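Me: I should like to look closely at a single helix of this protein. Please describe how its residues are placed and what lies against them.

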Amino acid sequence: IRVIAAGIGQWLDGGKVEAFDPAGGLLTRDLWFDSWGLGLSAQILAKRNRDQKLAQRIPLINRIYRDKLIYLRAGLSSWIKHTLKSLVGRARFAAEIRIDDQLLKLDAVNDIVVKGTLLYGGDWIFAPEGKPDDGKFAVIIVKNSAAWGAAATASHLAHAFQGNPS
């Protein structure tokens, strides 16, 4: 509220997502900024949101189980569940993404994240050159759970070790 009251503003790129049924009928259309995803990342956020609501109702727990801790637990538990589902082939999906009039057809994908801002999950930077108002989105496509963990870890480590390593 103080930031808004001080008149500080920030332009953000906005995106539009549309989902279609197999026959091509529009299921839903929505606008978004910051990030959008489906697959594992969406499951992690849904779990984090459920856990956050539950923790907020428990007085002592809500002081400890919050912020990165709640996100970490949601990430780990969702990743484990998703990895187990992947073993029997039930965690992957097919998708078509249109980017600037180019159609990208994907089979057996684990996760798709589209980023309009620099940080993902408060820690990871997948596109360090990205700006929140550059008219571009970073698209992260992950084929399996192991690749998702490797991408997130590599991004996190690259961000953590930028600058002077002394």
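Reply: The helix considered here is α2, in which Leu-40, Ser-41, Ile-44, Lys-47, Asp-51 and Ala-55 are buried. The model is a predicted one. These buried residues lie on the same side of α2, because they cover an arc of only 125° around the axis. On the other side of α2, Arg-50, Lys-53 and Gln-56 are exposed.

The length of the helix can be checked as well. With 17 residues at 1.5 Å a residue, α2 should span 24 Å, and its end C-alpha atoms are indeed 24 Å apart, so the two values agree.

What lies against the buried side? One residue to examine is Ser-78, which belongs to helix α4. Leaving aside residues up to four places away in sequence, Ser-78 touches Leu-40, Gln-43, Ile-44 and Lys-47. Of these, Leu-40, Ile-44 and Lys-47 are among the buried residues of α2. Ser-78 itself counts as buried because its relative accessibility is 7%, and the cut-off for that term is under 20%. The side chain of Ser-78 also reaches the backbone oxygen of Ala-74, at 2.8 Å.

Ala-74 leads to the wider surroundings of α2. Together with Leu-40, Ile-44, Tyr-71, Val-113, Tyr-120, Ala-127, Ala-138, Ile-140 and Val-142, Ala-74 makes up the largest nonpolar core, which has 10 residues in all. Two or more residues of this core are given by each of α2 (40–56), α4 (67–87) and β9 (138–142). The largest share, three residues, comes from β9. In soluble globular proteins, nonpolar side chains tend to be buried together.

Another core, of nine residues, lies apart from the largest one; Trp-32, Ala-95, Leu-106 and Ile-112 are among its members. Trp-32 is buried, since its relative accessible area is 12%. Trp-32 also takes part in the one aromatic pair found in a search of the whole structure. Its partner is Phe-137; the pair is tilted, with 4.8 Å from centre to centre and 45° between the planes. Trp-32 lies in strand β2 (residues 26–32) and Phe-137 in the loop between β8 (124–125) and β9, so the pair ties together parts that are 105 residues apart in sequence. Phe-137 counts as partly exposed because its relative accessibility is 32%.

To return to the helix: α2 has buried residues on one side and exposed residues, including Arg-50, on the other, and Leu-40 and Ile-44 belong to the largest nonpolar core.

Note on methods:
Residues numbered from 1 in each chain as written. Predicted model: local features only at pLDDT ≥ 70, side-chain atom pairs only at ≥ 80, totals over all residues. Heavy atoms only, no water. Core = buried A, V, L, I, M, F, W, Y, C linked by side-chain atoms within 4.5 Å. Buried < 20%, exposed > 50% of the residue type's maximum accessible area, 1.4 Å probe, protein only. Helix = DSSP H or I, 4+ residues; strand = E, 2+ residues; numbered from the N terminus. Expected span 1.5 Å × (residues − 1). Arc of directions from axis to C-beta. Polar contact = N/O pair within 3.5 Å; in protein donor to acceptor, adjacent residues only side chain to side chain. Contact = heavy atoms within 4.5 Å. Phe/Tyr/Trp six-rings, centres within 6.5 Å; stacked < 30°, edge-to-face > 60°.
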